[in-house]
Structures are given as structure tokens and as C-alpha cells.
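Please open the model in your viewer and keep the sequence panel beside it. The stops below can be selected one after another.

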Amino acid sequence: MQPSCGVPRVSAPGSMTGLVLTAGGARGAYQAGVIRRISELPSLRKGPSPFRIIAGASAGAINGAALAASNSDFAEGSALLARLWSQLTFKDVFRTDSRALAKTGGLIALDFALGGLIGGGRLEALVDTAPLKAFLGAHLRLEGIAEAIARNDLYAVAVTATGYHSGKAFTFVQGQPGHPVWNKSRRVALPTALTLDHIRASSSIPIVFPPVALAAAGSTAYFGDGALRLTTPLSPAIRLGADRIFAIGVRCQESADSLLRSELSSDDELVAKLQRPPLSQICGVFLNAIFLDHLDADVDHLKRMNELVAGFQPAARSKAARASEPMRIVTPLVLSPSADLAIIAKTLAHRMPRTLRYVMDGLGTPDAQSADLTSYLLFDKAFTSELIQLGYRDAAQRIDEIEEFLAPRTRTRGRR
């Protein structure tokens, strides 16, 4: 893994706080609740966002774009975000009617049963996401990003998608002139004016949602979920110049630790509960590997790099300063759910459309703590409202710590 905190000192103006929003499908509603509580801080009312750099992938790209578009009015942006998630329905995301699902089933049958005879490749994805494009288009005012940049309330917003041809993580950056770009072995940054298609590409869950065509460096290529190859989710914000990063995860660490203890336990009662996992549980672990596992690892890596940088002797610091990518200390603060989102999803699984629930039941029923697949796909306002409330409560529990973290905002307003 390349050092997350080795970044070029291009024209990043002074001290900046970055916001990192991770992936997670319907779990992204949790982030909206956290942001909503932060926006109620007295020091942030009727003012711009404290985050001059915003980086997101997948559901985090949707949330990040919504906030960046309203960066000059943080309260308005956070209210919009909470409102969108609290009103969300399956019909806003993909077609759930029997005709659409029957069409998908027919294409699967043709590709898998007769593909060897008549050719395959007819099926693009498991669902038709035309409703999501319309929903985002009706609610995301992306021209607000350029306005926030012009007012100097936003330095840059980064949205990451995965190139389905190269397999690289492409980070599309809209920011102030001279913002950093990079081209690494697995990661590429391109300056661009973000469009709805960039957001859709970043949030296109692999296999479930179809690829999205994007213009990239003069050509057109196909992209999918940004979390697929973004193994260092903090990296875009750090490379853009953030020296403090507030990251919002969507996985309950306590629950993950509990499941690990069960797997390592010699207790007969606990071992007896570990039955052969159904396909739905395996799919959930697969999505966890894409969406959830990278943040914790990257934060651990960042802390180790901070210790290394802090331990440099003055002579070593001087030598590092002459490097092409000098390293610096970057302070992280991470907020993650205090409750298991999979268990919440399990209690509301009956709200899935009947046809989708039928397919999910066919994949087998996992134990409650392992119902991750449901939690990614439960685009229902009952579930998302629960997550918004949980995010709000979790942020409220740590609001003093968050306020102190955001306090040293040495920002160069310089409104134009």
C-alpha cells in the first residue's frame, strides 16, 4: 500500500479540513444523520461548511456532491441530504415492477443457458437504475459546486469511480485552479466539472447496477462503483491538501469484533451457532470487502505514517521536504455506527418489494448480524430514517470532540 500521507504540496492554501464519505449503498443514510447534527453547532449556523475538501465514493459520492453543491450554506446542504434519504423509496433507485424483473430473468436465462450457442453479454446488470438518474437529477444542483469554489468556501470535491477496462480508481476532481492531480499505479486523478454521470458511475454497485459511460482524457470508457479499487479512501482528501480529516464510516466496529470473537472462540455454544453460510451471507461479506473494510485499514496506516513523520529528526525532515511527495502529519477523526446496521435491516427486511424479497429468500437466510446484503439494498424510508436518527445520536454523543476537532479552521475566505 502506498503511503496515504505522501502528497505533493501544490497550491493548497493553508490549513484545510477534509470530509471523507465512504461507500455503503443504503447505509449512506447514516452519514446524513451525522452531518445533520454537526450542522447544528452554533459556530456553523448560517455559514459555510467547515469542510473545504470533500471526497466520496459510491453512496459517499452522492452525499459529498450534495454537500459540495451547498457548501456555502452548510445548514441548507445538511437539511437537503437528510430530506433526500428520509424520503427515499425503492422506486427512486431502480425498477421493482414484475415486468422489469422478468426481463432481467429472461436475459439471465439466455446468457447462461444459451450463451454458448448464440453468444452472451446481453445482461448489463441485475436492476434497471433509470429511476435513480431521474431522482438525482431532480435534487442535485451540481452548478452549486462551481459557485462554492468561486466564493472560496470549497477548495475541491473528489468523486472516485472504478474503470472497468483498466481496473484503476479514477478520482474526478472539481476544484480551484492548481489543485493537485496524480497518476499512480492503481490511482488516477483527473480535473473535471462534475456531472450527474460521474455521481452515478461512482455509486454503481457492481453487478447490481449497470456501468456508466464517462469521458476521460479525450476518450469514453465505462465505470462502476468507486469503492471497488479505492483501497485507501483517505488518500484523495490527503493528496488534495487536507491536514485534518473527518471520516464517516458505515460499519459498527463492535459488531465486527463480536463476530470475530465467535469465529475464534473455543466455546461449544458459540461454535454451534456458526453454521454453513448461505449465499446471501457470502454476498454480504463480498460487499463488505468492497465497501467497508478499507477505511479502518487506511486509518491505521495513516496513524503509523504520522508516528513515522513525527519521529523524524530535523535533518531527516529537511531531506523529506526536498522529496517529490513530502509527507506531513494528517490528523484523523472517524465516526462509525454504534449499532449494527445489519440487525436494523433484518428487522425491516419485510419492507423490500415482494419480487426482490422473493429473490433474496432464494439466496438463503443469514443470521441477523450477517444480514449485510439486505442493509446495502434496503432503499426504504423506514430503514434510512432509522439510520439518519442513529447517525444524529452518534454525532451528538461525540459533539464536543467533533466541535473541538473542527475549531481550528484557519480559513482564507477571500470572497470574490
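Between which strand and which helix does the loop with serine 58 lie? Select serine 58 and you will find the loop between strand S2 (53–57) and helix H2 (59–69), where helices (H or I, at least four residues) and strands (E, at least two) are DSSP runs numbered from the N terminus. This is a predicted model, in which local features need pLDDT of at least 70 and side-chain atom pairs count only at pLDDT 80 or more, while totals for chains, interfaces and linings use all residues. Residues are numbered from 1 along each chain as its sequence is written, and side-chain values use heavy atoms, with hydrogens and water left out.

Serine 58 counts as buried because its relative accessibility is 1%, buried meaning under 20% relative accessible area, exposed over 50% and partly exposed in between (1.4 Å probe, protein chains only).

Add aspartate 225 to the selection, in the loop between strand S7 (219–224) and helix H9 (235–239); at 0% relative accessibility, aspartate 225 is likewise buried. Its side chain reaches the backbone nitrogen of alanine 227 at 2.9 Å.

With both residues displayed, note that the UniProt annotation "active site", from an unreviewed entry, covers Ser58 and Asp225; such annotations may be inferred rather than shown by experiment, and UniProt positions are given in the numbering used here, with feature names shortened.

Finally, select alanine 213 in strand S6 (residues 212–216), which is partly exposed, with a relative accessible area of 33%. From there, measure to arginine 200, 13 residues apart in sequence and 9.8 Å apart in space, C-alpha to C-alpha.

Methods
Polar contact = N/O pair within 3.5 Å; in protein donor to acceptor, adjacent residues only side chain to side chain.
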